[in-house]
Amino acid sequence: MVRHIILWDFKDELSDMEKSEAAKKIKTQLEGLVGVVDGLQRVEVYTDMLGSSNADLMLDCTLEDETALKAYAVHPAHVAVKDFITTVVKNRKCVDFII
């Protein structure tokens with residue numbers, strides 16, 4: 001199995017309301033991919049970070065294997081969510097590893 005973790009920061013120009021709405025949309029859409037994308041076993045999006053955090057959002061998901069991870073990256077349902085995310089975030093960090 002593969003663990004896929006992403007950290008994002010919202011663009012500075014977004015208001016708190018815009019950030020909150022975007023976070024809800026991202027969470028709903030990404031978590032909704034389970035059962036849609038083959039090999040995607042679990043998705044959790046964390047939006048309520050503690051003040052000690054230095055990221056605004058976190059995606060934590062588990063996929064069957066590296067082949068599933070590659071397929072997830074280009075799956076149309078995932079790409080649609082990713083296209084929205086790129087409009088509201090300024091950076092992205094990714095960690096993938098075998099579990």
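**Briefing: a predicted protein model**

The accessible surface of the protein comes to about 6,000 Å², and 54% of that surface belongs to carbon and sulfur atoms. This is a predicted model. The protein holds 3 helices and 4 strands. Buried residues account for 34% of its 99 residues.

**Overall build**

- Starting at the N terminus, the elements follow the order β-α-β-β-α-α-β.
- The C-alpha atoms fill a box of roughly 40 × 25 × 20 Å along the principal axes.
- The radius of gyration is 13 Å, which agrees with the value near 13 Å for a compact globule of 99 residues.
- Take the contacts between residues at least 6 apart in sequence: 68% of them join residues at least 24 apart.

**Charge**

- The protein carries 12 positive side chains and 17 negative ones.
- The centres of these two sets lie 2 Å apart.

**Helix 2 and its two faces**

- Helix 2 spans residues 66-74, and its buried residues are A68, L69 and Y72.
- These buried residues sit on the same side of helix 2, because they cover an arc of only 105° around the axis.
- T67, K70 and V74 are exposed, on the face of helix 2 turned away from its buried side.
- Several elements help to cover the buried residues of helix 2. Among them are the strands: strand 1 (2-10), strand 2 (40-46), strand 3 (57-63) and strand 4 (89-98).
- Helix 1 (16-31) and helix 3 (76-88) also belong to that cover.

**Strand 3: C61**

- C61 is found in strand 3.
- Its relative accessible area is 0%, so C61 counts as buried, the cut-off being under 20%.
- Leaving out residues up to four places away in sequence, C61 touches V2, R3, H4, L40, R42 and V43.
- V2, R3 and H4 fall within the range of strand 1 (2-10), while L40, R42 and V43 fall within that of strand 2 (40-46).
- C61 and I5 are 56 residues apart along the chain, yet their C-alpha atoms are separated by 6.4 Å.

**Strand 3: T62**

- T62 also lies in strand 3.
- T62 is buried, and its relative accessible area is 6%.
- Beyond its neighbours within four places in sequence, T62 is in contact with M1, V2, R3, G39, L40, Q41, R42 and I99.
- V2, R3, L40 and R42 appear among the contacts of T62 and also among those of C61.

**Loop between helix 1 and strand 2: G39**

- G39 is placed in the loop between helix 1 and strand 2.
- This glycine is buried, with a relative accessible area of 14%.
- Apart from neighbours within four places in sequence, G39 is in contact with T62, L63, E64 and A68.
- One of these contacts, A68, is a buried residue of helix 2.
- K70, on the exposed face of helix 2, is 31 residues from G39 along the chain. The C-alpha atoms of G39 and K70 are separated by 10 Å.

**Loop between strand 2 and strand 3: L50**

- L50 belongs to the loop between strand 2 and strand 3.
- L50 is exposed, with a relative accessible area of 65%.
- L50 and D83 are 33 residues apart in sequence. In space, 27 Å separates them, C-alpha to C-alpha.
- D83 falls within the range of helix 3 (76-88).

Note on methods: Residues are numbered from 1 along each chain as its sequence is written. This is a predicted model: local features need pLDDT of at least 70, side-chain atom pairs count only at pLDDT 80 or more; totals for chains, interfaces and linings use all residues. Side-chain values use heavy atoms; hydrogens and water are left out. Helices (H or I, at least four residues) and strands (E, at least two) are DSSP runs, numbered from the N terminus. The radius of gyration is taken over C-alpha atoms; the globule rule is 2.2 Å times the number of residues to the power 0.38. Buried means under 20% relative accessible area, exposed over 50%, partly exposed in between (1.4 Å probe, protein chains only). Contact means heavy atoms within 4.5 Å. Accessible areas come from the Shrake-Rupley method with a 1.4 Å probe; for residues, only the protein chains shown count as cover. Lys and Arg count as positive and Asp and Glu as negative; His and the chain ends are not counted. The place of a charge is taken as NZ of Lys, CZ of Arg, CG of Asp or CD of Glu. The arc is that of the directions from the helix axis to the C-beta atoms.
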